[in-house]
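Q: Could you take a close look at a single part of this structure, describing how it is placed and what surrounds it? Please then set it beside other parts that can be described in like terms.

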2 protein chains.
Amino acid sequence: MTSPSLPHSSHARADTVPREAPEDAFRAEDGRFVDRLHAELERFFEGQRDVLGAISADTLPLLEAVAGLSSGGKRLRARLCYWGWRAAGGDPEDPAVVRAGAALELFQSAALIHDDVIDRSDTRRGAPSVHRRFEALHAEHGWSLDGPAFGVAAAILSGDLCLSWSEQLFAGAAAPGAARARAVFDLMRSEVMVGQYLDVQGEVAGAGQDRAGAVQRALDVIRYKSAKYSVEHPVVLGAALAGAPKAVLERCSAFALPLGEAFQLRDDVLGVFGDPATTGKPAGDDLREGKRTVLVGYVRRLGDEAQIARLEAALGQADLGERDVAELRAVITGCGALRATEELIDALTAEAFAALDRLDADPVPLAALRGLAAAAVRRSS
Amino acid sequence: MTSPSLPHSSHARADTVPREAPEDAFRAEDGRFVDRLHAELERFFEGQRDVLGAISADTLPLLEAVAGLSSGGKRLRARLCYWGWRAAGGDPEDPAVVRAGAALELFQSAALIHDDVIDRSDTRRGAPSVHRRFEALHAEHGWSLDGPAFGVAAAILSGDLCLSWSEQLFAGAAAPGAARARAVFDLMRSEVMVGQYLDVQGEVAGAGQDRAGAVQRALDVIRYKSAKYSVEHPVVLGAALAGAPKAVLERCSAFALPLGEAFQLRDDVLGVFGDPATTGKPAGDDLREGKRTVLVGYVRRLGDEAQIARLEAALGQADLGERDVAELRAVITGCGALRATEELIDALTAEAFAALDRLDADPVPLAALRGLAAAAVRRSS
């Protein structure tokens, strides 16, 4: 790494050497990609505005809901896809990777819309969730019948529409490795939906399942619902789209899968111990929803009977107060579950960075993947 | 048409003339296509069984739910796609059209799964709807927390999975006209979801909207939610996949769109006047759900104040009894709304058959489209 105290030193080098430090070059290029991604999404929504408007202006709230949700977020999946593409030698100017990134972002929007219906969440990215948004539209117009049911119906349809749009964008990403990237995209979608099912099934079935297997089951959910979907598949998809051979895709996985697991474990810890001001959701919501996270799994493995009973009685109770949450935090810390989870995060992070060192790629994409990885595991929201 | 009293006469003709009457040839070929469609779906589900099984055997109920639902139905969309393909000169042996047909069937399954959540329907194709099926799984295992909420969550995820699978199959349909067929597929998906939104939005907003426009709004819903999706797009998609030029696609639309509208109007009439033994759902369910059908639109246009008030008070009331439904039928018949709807069905049917006569295609696909069209508008369920 170029010393920050010598910002101009690289300018004196020969032309074959990058004029900027890879970290600076990554930030500039990453920002440019995000701009192109926004433009692509904007253009796509404009096209769909015409399709919907031709049917009936009454349908435009569907588009506004999807576009509104899709204007936020860190674009993590799209950026990982872009840097996977670049690590595999893809051309920075090729529109295919922008389109694939936009497809990943719309897939994420669709998943969030349906997730919020499933979890009955009122807010998302600091705004009302989509079903709440349509419920408000119903109230605003003084429409008849059941407002919340209308909200759920409209959100299910918005998510379906968004899922189709994601696919439509993906199908427009023409590149040498499109067929192999399609296989990654297909697998990603199946795995995330199946992983989400495992998650909700664990919420209702988990209390009756054996304690010894609880940590492993929680890790399975993390792997399929989150780590593969949010990190591994985007990086691999980008590399595959650029035409990378199987061996390179495997090296990408070796880096991205443990990173994704560490990322989700960090999220789970924040879901119980995080500051609502930075996470954007009430502390302890994971406990109220009854999520069987790795933290919960470790309590079931490491806790005494009283601690386990206290946790089991509280999980999935929507009316948990701040005092209950504080007490549960004490249980999770006291039995060693928090420490065990933090150790797992550290081990997975170390594994990811070691694998990244074995990835044979140009300095700029390597710096990018390193930067995104560091942000993912230390992120505060 | 060969006279049915001379079944063997065609056998004496030269070899260039089909040895069977087109009607018989259509039935044999149609049956063979449906067999290949089933085999394709079965093979696809087998592959997904491996994907899901590798994640966790706990996730297999998702596959069973989708496969169970997809084993039934008349395969109308897939068959229309096949005969559109054949009308445009597509090779009967090409696997691409089987794959596209399977994609349409899985899209339909996904739409039904989510529709049943939205409409809170308990049954589908004579079996429990998917959310009810998962609710029963919850009860059977004695799982904790909220059984109906688990059912809805699992059904939303099953539908999403099924939607992705539909895409996956479609992307595997390699044929000369794949790019144009993709445009039809994309438009179809957007339009049906948007049309469904118009339908649910009409249920809550309809009472306050102007009476003069009620029939037209109901026709808009029919067009996008049903006629284009169930009839026009499948035929056009098949023809496009076979590489048909734009003029042929337009002739296909001229036949299939009015047919689809007549088909859905027939369905609406059956939804109020049909025999539950043949329709498979309780008489009057459309009224209980508050569907703003063309029948309802005509009552608002043709009825007197008392008739309109009676209908508006009843629409969307889940507890309508048989006597209420009988009374509403009398209103619909008495004000002329039923007759107006039947006349519209007749006019659209005549338009469709006239357009079919202008379609320049081989006798067997023409006989097939004629046969499917006749069945669609006279169908009793």
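A: Helix H3 of chain B is followed by Gly89(B), a residue with a positive phi, near 90 degrees. What is described here is a predicted model, and the values that follow are to be read in that light. On the other side of the helix, Arg75(B) lies in the loop between helix H2 (60-70) and H3 of chain B. Arg75(B) also has a positive phi, near 60 degrees, although it is a residue other than glycine. With a relative accessibility of 5%, Arg75(B) counts as buried, the cut-off for that word being 20%.

The helix itself has twelve residues, and from its first C-alpha to its last H3(B) reaches 16 Å, close to the 16 Å expected at 1.5 Å a residue. Twelve of the twelve residues of H3(B) are buried, so the helix is largely enclosed by the rest of the structure. Among these buried residues are the aromatic Tyr82(B), Trp83(B) and Trp85(B), but also Arg77(B), Arg79(B) and Arg86(B), together with Cys81(B) and Gly84(B). The partners against which the buried residues of H3(B) pack are H1, helix H4 (95-119), helix H8 (214-241), helix H9 (246-273) and helix H16 (363-378), which belong to chain B.

The contact with H1 can be followed to particular side chains, and for this the aromatic pairs are a useful guide. Over all chains, a search of the whole structure finds 24 aromatic pairs. One of the rings concerned is that of Phe170(A), whose centre is 4.0 Å from that of Phe185(A) while the two planes stand at 5 degrees, so this pair is stacked. Since Phe170(A) lies in helix H6 (residues 147-171) and Phe185(A) in helix H7 (residues 178-205) of chain A, the pair ties together parts that are 15 residues apart in sequence. Phe170(A) and Phe185(A) are both buried. Back in chain B, the rings of Phe26(B) and Trp83(B) have their centres 5.8 Å apart and their planes at 85 degrees, so that pair is edge-to-face. Phe26(B) belongs to helix H1 (residues 22-55) and Trp83(B) to helix H3 (residues 76-87) of chain B, so that the pair links distant parts of the chain, 57 residues apart. Phe26(B) is buried, as is Trp83(B). In chain A, Phe26(A), Phe33(A), Tyr82(A) and Trp83(A) form one aromatic cluster.

Cysteines offer another point of reference. The count of disulfides comes to zero over all chains. Cys252(A), accordingly, is in no disulfide, and the nearest cysteine sulfur, that of Cys81(A), is 11 Å away, whereas a disulfide would need the two sulfur atoms within 2.5 Å. Cys252(A) is buried, its relative accessible area being 2%, and Cys335(B) also counts as buried, at 14% relative accessibility.

For a helix with both a buried and an exposed side, one may turn to H13 of chain A. The buried residues of this helix, which spans residues 305-314, are Gln307(A), Ile308(A), Leu311(A) and Ala314(A). Because these residues cover an arc of only 135 degrees around the axis, they are on the same side of H13(A). The face of H13(A) turned away from that buried side carries the exposed residues Glu305(A), Ala306(A) and Ala313(A). The buried residues of H13(A) pack against helix H11 (285-289), helix H12 (294-302) and helix H14 (322-334) of chain A. At the start of H13(A), a side-chain oxygen of Asp304(A) reaches to within 3.2 Å of the backbone nitrogen of Ala306(A). After H13(A) comes Gly316(A), with a positive phi near 85 degrees, just as H3(B) is followed by a glycine, Gly89(B), with positive phi.

A counterpart to Arg75(B) can be found in chain A, where Arg125(A), again a residue other than glycine, has a positive phi near 50 degrees. Arg125(A) sits in the loop between strand E1 (123-124) and strand E2 (127-128) of chain A. Arg125(A) is partly exposed, with a relative accessible area of 37%, whereas Arg75(B) is buried.

Note on methods
Residues are numbered from 1 along each chain as its sequence is written. Chains are lettered from A and ligands numbered from 1 in the order in which they are written. This is a predicted model: local features need pLDDT of at least 70, side-chain atom pairs count only at pLDDT 80 or more; totals for chains, interfaces and linings use all residues. Side-chain values use heavy atoms; hydrogens and water are left out. Buried means under 20% relative accessible area, exposed over 50%, partly exposed in between (1.4 Å probe, protein chains only). Helices (H or I, at least four residues) and strands (E, at least two) are DSSP runs, numbered from the N terminus. The arc is that of the directions from the helix axis to the C-beta atoms. Contact means heavy atoms within 4.5 Å. A polar contact is a pair of N or O atoms within 3.5 Å; within protein, one must be able to donate a hydrogen and the other to accept it, and residues adjacent in sequence count only if both atoms are side-chain atoms. Rings of Phe, Tyr and Trp (its six-membered ring) pair if their centres lie within 6.5 Å; planes under 30 degrees apart count as stacked, over 60 as edge-to-face and the rest as tilted. The expected span of a helix is 1.5 Å times one less than its number of residues.
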